[in-house]
Amino acid sequence: MGSGGNDPFTPEGFGGCVKGGEGMSEGNVQEGFGVFEVFVQKTQADFHTHVGSVVAPSPDVALMNARENFLRRDLGVNLWVVPRQCVTATPYDSEGDWFAREFDRKYREAGGYPENGRLWKMYKEKVLQLEEIVEDLHGKGDKNNESASS
Amino acid sequence: MNREEKETRFIERIKAGMKIEATDWMPDTYRKLLLKLIHMHGISEIMGALPEKEWVPKAPTLKRKLAIMAKVQDEMGHGQLLLRVAEDLAEPFGRTREDLVADVIHGRVKFHNVFHMEAPTWADAGVIGWLVDGAAIINQAALLHTSYGPYARVLKRICAEESFHMQHGESIILALAGGTDAQRKMLQDSLNRWWESLLFFFGPMEVTESAQQMIDYGIRTKTNEELRQQFFSKYVPRIRSLGLTIPDPNLSYNETTKRWSWTLPDWEKFRKIVRDNQGPKSQERLNLRRFAHEEQAWVREAMIRSRLKGSVVV
Ligand SMILES: [Fe+2]
Ligand SMILES: [Fe+2]
């Protein structure tokens, strides 16, 4: 963190990610505490995952609070804390759904081709699955490829 | 959309099983009911750590000490997670963590009756983990389907940790139940001490106006009595299997109605304990909370000041 009169925590500062007074509550600005969203990376084979938020007077303390709140049992190799007002998010309930699915997207998915199995049968063969390849290369239950094969 | 249309849309979303989020529009009554519920829940977690904390220095073995310390830490953690949810709800009222925490010291928020009571023996540490947490788990598990997303998510984490609290409590009471006559008597005395408090914990029989509103808004999905009945079904057979006697001669299960009948304790006595903080340990524990909060004020201030100067942690 920088020093020299430039408090990154004020509405003017804070790493430059303040959007029109949103995010940090008025009261918390007065009190000098802010909300930090917490992301945990379980292993280096995983991405950081959002787990919740903490209130803290600084990013450093937010990291400590995050460890105490979210890693008392769970393992982690890395933690991110992000000032809430630095997060840009889609709305939950708005005109025009952000996540609208106008038509069936089965054609994008592995499960969208169920006839392959039946067709292979004619050649006395069966469908090749990614899991099988990963298993051959790395053995069963390989952590690094859990997401790739699911 | 005008107010009425917004309200209709809001109810539609809840009826459709959709979750409400902190940034969504919500009716004032919804916000206030949720805030009151979660504020009390969060503060009760913190006050609830105090009876057990008394047993940290006196735990019989090192393993027991570590375990009960971990549980006390969990309860404090639950308090923090829940206050985080409450703060976001309280934001339009200009209220912060500091206010929500100070409220209990000034009698502006209540905490659950069970945490006003004494825990004089090691058996109480066990019975708290077994039955008080047991009752709390039934409550919290029922809330997992709450319409408010942030509460539901936090409850998921809390319930996962409660599964340890269940085993922890059972481990203590099973050791006592299989112990000497003196240990079994200690356990029976503790059960006698806690039974009525446990019944009161689930709240009144009747569905109050605000309870009905919470059900209509999908904040809660079950009534007090439904949850108390579940508590009986899960715990009465286990309590009896240990050879313990439940201090209610009228407690019985009706096979046809599939319901337990039970004796109503002196409700007014318990109501006073919660409302006026007049339980045997209310004032002592509130004083401890006040002491901790006020004596640490300088630390909170120092952290803000040191932030202005640079990094707190190297
Ligand atoms: Fe808890
Ligand atoms: Fe618990």
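Which residues of α4(B) are buried? They are B:Arg97, B:Leu100, B:Val101, B:Ala102, B:Asp103, B:Val104 and B:Ile105. The model is predicted. This briefing covers that helix, an iron site in chain B, the largest nonpolar core and the make-up of chain A.

**Helix α4 of chain B**

- Helix α4 spans residues 97-105 of chain B and is mostly covered, with 7 of its 9 residues buried.
- The cover over the buried residues of α4(B) includes β2 (49-56) of chain A, along with α2, α3 and α11 (282-295) of chain B.
- B:Gly107 follows α4(B) and has a positive phi, near 70°.

**Iron site**

- The iron ion (ligand 1) has as protein donors B:Glu45 (OE), B:Glu75 (OE), B:His78 (ND1) and B:Glu162 (OE), at 2.1 to 2.4 Å.
- The site of the iron ion (ligand 1) is irregular, with angles of 80 to 162° among its 4 donor atoms.
- Ideal angles for four tetrahedral donors are 109.5 degrees.
- The spacing of the donor residues of the iron ion (ligand 1) in sequence is E-x29-E-x2-H-x83-E.
- B:Glu75 bridges the iron ion (ligand 1) and the iron ion (ligand 2), and these two ions lie 3.3 Å apart.
- B:Glu45 sits in helix α2 (residues 28-53) of chain B and B:Glu75 in helix α3 (residues 62-90) of chain B, so the pair ties together parts that are 30 residues apart in sequence.
- B:Glu45 has a relative accessible area of 8% and is buried.
- B:Glu75 also counts as buried, at 6% relative accessibility.

**Largest nonpolar core**

- The largest nonpolar core holds 98 residues, and those with the most contacts inside it are B:Tyr30, B:Tyr148, B:Trp195 and B:Phe231.
- Helix α5 (residues 122-143) of chain B gives the most to this core, contributing 13 residues.
- Nonpolar side chains tend to be buried together in soluble globular proteins.
- Outside its neighbours within four places in sequence, B:Tyr148 is in contact with residues including B:Ile20, B:Met26, B:Tyr30, B:Leu34, B:Ile38, B:Val85 and B:Leu89.
- The contacts of B:Tyr148 also include B:Glu21 and B:Ala22.

**Chain A**

- Chain A contains 4 helices and 3 strands, in the order α-β-β-α-β-α-α along the sequence.
- Of its 150 residues, 27% count as buried in chain A.
- Among the contacts in chain A with a separation of 6 or more, 45% come from residues 24 or more positions apart.
- Chain A has an accessible surface of about 10,500 Å², and 53% of that surface belongs to carbon and sulfur atoms.

How values were computed. Residues numbered from 1 in each chain as written. Chains lettered and ligands numbered in written order. Heavy atoms only, no water. Core = buried A, V, L, I, M, F, W, Y, C linked by side-chain atoms within 4.5 Å. Buried < 20%, exposed > 50% of the residue type's maximum accessible area, 1.4 Å probe, protein only. Helix = DSSP H or I, 4+ residues; strand = E, 2+ residues; numbered from the N terminus. Contact = heavy atoms within 4.5 Å. Donors = N, O, S within 2.8 Å, 3.2 Å for Na, K, Ca; no water. Tetrahedral: all angles 85-135°; square planar, octahedral: opposite > 155°, others 65-115°. Areas by Shrake-Rupley, 256 points an atom, 1.4 Å probe, with all protein chains shown as cover.
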